[in-house]
Amino acid sequence: MNMITVGLCGAAVVAYMVILGSIPARTQKLRRQAGNLLLPLKGTSSAKWILIAVFALAVIVLVPFRDMGLFVDAVLLLTALIAAELAAREAAARGMAGVYSDAIVHGTQTIYFSAIESLPTLAYEEDPDSTGNYKTSLSVILRDGRETTLVFADEHERAAAVRTILGCLPRLRP
């Protein structure tokens, strides 16, 4: 066993524990910053984040037993830590999917109303030439120029979410 790889694995285990240990604080912060729940949305399975976390830990534990070179070991460990971060985000937001008074929580995404610039999907959804993708998705342009797309369970959930968002942010009406 390479001692550098063992040291990297030890550091990765510590980072992994810190990441997963931050889940309660992340959940509390999200609950506080999102505001009051206005509309619950269908969330994802809570088992998904557990599987991701278990596989990430398995990668970290198995790396020192395979001699793949320092660079490949480092890439695998960083990939496992990224997976742990995604699992922690998913865990922090589990059971919280919804439109709140100050944010939208959807999967691992939290979009604060103060960061939303526009909802471009609303401008063309009534156009007969549009493809119809808007029926279950909502495109969101953020103030920093990034664009993200929220995909809802069905047309009714999307329509209710849009009504609730526009109720909180009437400036976004097309």
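This briefing covers the largest pocket, a nonpolar surface patch, the salt bridges and a few single residues of the structure above. The model is predicted. Its largest pocket holds about 280 Å³ of space, and a search of the whole structure finds five salt bridges. A nonpolar patch of about 370 Å² lies on the surface.

**Largest pocket**

- The volume of the largest pocket is about 280 Å³.
- Three elements each supply at least two residues of its lining: helix α2 (23-34), helix α4 (70-93) and strand β4 (109-112).
- Helix α2 gives the most to this lining, with four residues.
- Residues that line the pocket include Arg 26, Lys 29, Leu 30 and Gln 33.
- Arg 89, Ala 92 and Ala 93 are also among the lining residues, as are Thr 108, Gln 109, Thr 110 and Tyr 112.
- Sorted by class, the lining has four nonpolar, four polar and three charged residues.

**Salt bridge between helices α2 and α4**

- Arg 26, one of the residues lining the largest pocket, forms a salt bridge with Glu 85, and the closest N and O atoms of the pair are 2.8 Å apart.
- Because Arg 26 lies in helix α2 and Glu 85 in helix α4, this pair ties together parts that are 59 residues apart in sequence.
- Arg 26 has 25% relative accessibility, so this residue counts as partly exposed.

**Other salt bridges**

- Arg 143 forms a salt bridge with Glu 117, with 3.1 Å between the closest N and O atoms.
- This pair links distant parts of the chain, 26 residues apart: Arg 143 is in the loop between β6 (137-142) and β7 (147-151), while Glu 117 is in strand β5 (residues 116-118).
- Glu 117 counts as partly exposed because its relative accessibility is 38%.
- Arg 146 and Asp 144 meet through their side chains in a salt bridge, at 2.8 Å from N to O.
- Both Arg 146 and Asp 144 are exposed.
- Arg 26, Glu 85 and Arg 89 are joined into one network by salt bridges that share partners.

**Nonpolar surface patch**

- Four residues make the patch of about 370 Å²: Leu 57, Val 61, Leu 62 and Phe 65.
- Phe 65 sits in the loop between helix α3 (47-62) and helix α4.
- The relative accessibility of Phe 65 is 57%, so this residue counts as exposed.

**Ile 19 and Glu 147**

- Ile 19 is part of helix α1 (residues 3-21).
- With 15% relative accessibility, Ile 19 falls under the 20% cut-off and therefore counts as buried.
- Ile 19 and Leu 78 are 59 residues apart in sequence, and their C-alpha atoms are 13 Å apart in space.
- Glu 147 belongs to strand β7.
- Glu 147 has a relative accessible area of 51%, so this residue is exposed.
- Between the C-alpha atoms of Glu 147 and Ser 118 the separation is 9.6 Å, and the two residues are 29 residues apart along the chain.

Note on methods
Residues numbered from 1 in each chain as written. Predicted model: local features only at pLDDT ≥ 70, side-chain atom pairs only at ≥ 80, totals over all residues. Heavy atoms only, no water. 1 Å grid on protein atoms, 1.4 Å probe; cavity = no way out; pocket = protein on both sides within 12 Å on 5 of 7 lines; lining within 4 Å. Points joined across faces, edges and corners; volume = space filled by probe spheres on them. Nonpolar A, V, L, I, M, F, W, Y, C, P; charged D, E, K, R; others polar. Patch = residues over 30% accessible without salt bridge, like charges linked within 9 Å, V, L, I, M, F, W, Y side chains within 5 Å. Areas by Shrake-Rupley, 256 points an atom, 1.4 Å probe, with all protein chains shown as cover. Buried < 20%, exposed > 50% of the residue type's maximum accessible area, 1.4 Å probe, protein only.
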